[in-house]
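Morning, everyone. I will walk through one model today, chain by chain and piece by piece, and I will keep to what can be read off the coordinates.

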Amino acid sequence: MAAPAMSTTHASSPASETPILSVRDLVVRYRTSNKGHVDAVRGVSFDLYPNQSLALVGESGCGKTTLGLGLLRLLPRLGSVPSGSIDYTDGQGKHVDVLKLNRQALRRWRWEEGAMVFQGAMNAFNPVLKIGEQMGDTIKAHADGRKPSQQEITDRSSEMLRGVRLEPKRVLDSYPHELSGGMRQRILIAMALLLDPRLLVLDEPTTALDILTQRAIVDVLAELRAERGFAMIFITHDLSLAAELADRVATMYAGRIIETGSVRDIFNDAHHPYTAGLINAVPPVRGELPTLASIPGSPPSLAKLPTGCAFRDRCQYAVDACATTDPPLDLIEERPLGLSHTAACLRWQDVHSSREVVGADV
Amino acid sequence: MFEHTEHDAKSSHALMEISDVSKIFTTKHATLPAVDGVNLTVNAGEVLCLVGESGCGKTTTARMAAGLSKPTAGTISYDGQDIWSLDKAGFGNFRTAVQYVHQDPYASLNPIRTVEATLTAPLRKHGLAKNGKEAWEQATQLLRRVNLTPPENYLSKFPHQLSGGQRQRVAVARALSLDPKLIIADESTSMLDVSIRVAMLNMLGSLRDDLGVGFLFITHDLAIAKYFGWQGRTAVMYLGKVVEYGPTPEVINNPQHPYTRALLDAVPEPDPDAAARKLEGGGLKSAEIPSLANLPSGCSFHPRCPIAEDGLCDVKEPALAPVARRSVSCHVVQREDGHPGDRIRPPEPAGATSTS
């Protein structure tokens, strides 16, 4: 089997051909007032392989955060999963039905197997506890009933903090407010990885940060992933970040995945008008100054979706058939390990992202 | 009245001049030179981009330019007059001519005012509309100007009924209501989605081109500065000082100061191949910005600088001096007259095909 050049998947390990996470037809529903409901995620399916990094991209309100929360069963009280399945395969090859885990098992599964890095690093900490105590609490809660010594806690926390290039001595003894936004975000990453999870979900980890801080976090994540090997789902609205951190991209629109593919397939030749629009909306910092076009209009309300394709009102390629058919994901190019290029558009053959890619030989 | 035919940027007159301006905040424990001896000029109908990290003094400079805070040293003159020596009426005129668009449209609009009330209040207050009907008409025109059409759909809405991009357009419409000559946009697009950001920038660009409004445009994203400020100039700030200042194409496409280079290297590239060629950490020695209360000796950038020289950069403070069609404050760059680049970043061969 020829592994694609850009995949960092370990082709040598047999486990890499079993997905770590297999999601099928997942629906996430929010209850609204008047006994109504809206589906924020409408039938999402994908496989994530060990060590792979998947970027979920889309505008605000497309359901990417809801999907991330749903995968770890962190939905708020009004949210539920009425249908679909999430199948997780642990390091020993044992299957875990995440949606059927009871409370106790779920508590263990989260953080030990699947961990999350939230957006807004300030709100994710307890403001009145020092970082060292918060990291210690995590280690104690997942210690299998034994009592880890203070030395062990400090050692494990320090190791993880050094992994995100922070000075443990200074950080462990600080309160969250004493640290900068970039430092807090890196501590969150360190905490999420404290129990060596095999799946990490990151929700817009760099959105509120400066460009140099963002660079530091991107570097740290790439380094940690090469070192420790975990699968990553990376939620972002910034496609350039996806280009840097992901092996695969899945574009979401109105609660559905509408295009998937390897990061190269997506950037070199996107076939869904929405993905192409997102790519063409990012100003490049190098090279010629292009005229950029935005995507007209705004995403439809999930409570009042149009018939047919949800994107058709904003789509320059829309034809009459788009009003009646909600297109399924069509296979464009088959590739192994979930890297196949698919797009949910009746006219995908006519759509090409226009960005010229210099220096690509794949 | 601004002349629409004025195209040559060099001959257009200076709308705002910021000369040797400093702002020193004093706390119980320290003095913080947030802005230290900054010289900038915004010409009529021109864009000046101010870029840098958080805490570099961009917003403090912008607030002083808007007359919202008074410099501790130096002068800010608008239309040739020091704004802090103007009388009450003159200052009022200055404040109507220079408008501010804030970063966060969720916080900058009054939540209990409709869009119509937000837009008509300044018109009525400054007597630009004689009665309610006139104010309403002008408000609809303003909304059209910022592409919120049809305006009737938006006038009766409250901010919470609008999306982030729509709110920011209302904030721009409000800034436009008094027919300003200069708009100070402080990270006005950084909270918006990628797809909306471009629409916003294109709309602001049309204000610059059609109405001749000048912009002091603050951003930490150099790709945005390049896109919006291509015809104008860009100033890069670091710890309260301008370290590189010149025409945007020069500064962004051929950066000289090591800090500008680091900022540019840090911008994520919407291209997986270019991303693979990135230098780690933007080539900087440290990701942490030093504290203003305890500035490094000599060049305040030297602890992070990849080309800093012992005995020079940690001792002597560099001044802005012309290098390669812009001003740069860096000893090494000035000495080597704009060719230290090879030591920071290996030159990219034309048509490079590195894919690792």
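Let me begin with a small pair of strands in chain B. In E5(B), Asp82(B) is the bridge partner of Ser77(B). One thing to keep in mind throughout is that this is a predicted model.

That bridge belongs to the pairing of E4(B) with E5(B), which run antiparallel and are joined by two bridges. The two strands form a hairpin with two residues between them, and in the turn Asp79(B) has a positive phi of about 55°.

On its other side, E4 has another partner in the sheet, as the order E2-E1-E4-E5 of chain B shows. Strand E1 of chain B, residues 14–26, pairs with strand E4 of chain B, residues 73–78, in the antiparallel sense, over five bridges. Two of the bridge pairs can be named: Ile18(B) is matched with Ile76(B) in E4(B), and Met16(B) with Tyr78(B), also in E4(B).

Now the whole sheet. It is open, has four strands, and its pairing is antiparallel. Which strands of chain B stand at its edges? They are E2, residues 31–43, and E5, residues 81–82; each has a single partner strand, so one side of each is left without a neighbour in the sheet. Helix H1 of chain B, residues 58–65, packs on this sheet and touches E1, E2 and E4 of chain B. The direction of H1 makes about 120° with that of E1(B).

Chain B has a second sheet to look at. This one is also open, but it has eight strands and mixed pairing. Its order is E6-E7-E8-E3-E9-E10-E12-E11 in chain B. At the edges are strand E6, residues 98–101, and strand E11, residues 321–323, of chain B, and each of these pairs on one side only. From one strand to the next, the twist averages 25°.

At the E6 end of that order we can look at one pairing in detail. E6(B) and strand E7 of chain B, residues 182–186, run parallel and are joined by four bridges. There, Val98(B) has Leu182(B) in E7(B) as its bridge partner.

Stepping back to the chain as a whole, chain B contains 13 helices and twelve strands. It has 356 residues, and 48% of them are buried. If we take the contacts in chain B with a separation of 6 or more, 63% are between residues 24 or more positions apart.

Next, the domains. Chain B is divided into domain 1, which covers 14–113 and 172–250, and domain 2, which covers 259–344. Taken over C-alpha atoms, the centres of these two domains of chain B are separated by 24 Å. How many residues of each are in contact with the other? For chain B, the numbers are 21 residues of domain 1 and 18 residues of domain 2.

On the domain 1 side of that contact, the elements of chain B that give two or more residues are E2, H8, strand E9 (233–238) and strand E10 (241–247). The largest share, seven residues, comes from E10(B). By class, this side of domain 1 of chain B has 14 nonpolar, three polar and four charged residues.

One helix of chain B deserves its own slide. H10(B) is mostly covered, with nine of its nine residues buried. Among the buried residues are Pro258(B), Tyr259(B), Arg261(B) and Asp265(B).

H10 also comes up in the contact between the two chains, where 40 residues come from chain B and 40 residues from chain A. On the chain B side, helices H7 (194–211), H8 (222–229), H10 (258–266) and H11 (272–276) each supply at least two residues. H7(B) gives the largest share, six residues. By class, the side of chain B that touches chain A has 22 nonpolar, ten polar and eight charged residues.

Last, a helix pair in chain A. Where do H3(A) and H4(A) meet? Gly132(A), Met135(A), Gly136(A) and Ile139(A) in H3(A) meet Ile153(A), Arg156(A) and Ser157(A) in H4(A). By class, that contact has three nonpolar, three polar and one charged residues. The axes of H3, residues 131–141, and H4, residues 150–163, of chain A come within 10 Å and cross at roughly 110°. That makes H3(A) roughly perpendicular to H4(A).

How values were computed: Residues are numbered from 1 along each chain as its sequence is written. Chains are lettered from A and ligands numbered from 1 in the order in which they are written. This is a predicted model: local features need pLDDT of at least 70, side-chain atom pairs count only at pLDDT 80 or more; totals for chains, interfaces and linings use all residues. Two strands pair if DSSP finds at least two bridges between them. Two residues are in contact if their C-beta atoms, placed from the backbone, lie within 7 Å. Axes are lines fitted to C-alpha atoms, for helices over the stretch in contact, and angles run from 0 to 180 degrees between N-to-C directions. Angles under 35 degrees count as roughly parallel, over 145 as roughly antiparallel, 65 to 115 as roughly perpendicular and the rest as oblique. Ala, Val, Leu, Ile, Met, Phe, Trp, Tyr, Cys and Pro count as nonpolar, Asp, Glu, Lys and Arg as charged, and the others, Gly among them, as polar. A residue is buried if 20 or more other C-beta atoms lie within 10 Å of its own, exposed if 12 or fewer, and partly exposed in between; C-beta atoms are placed from the backbone. Domain bounds come from an automatic or database domain assignment.
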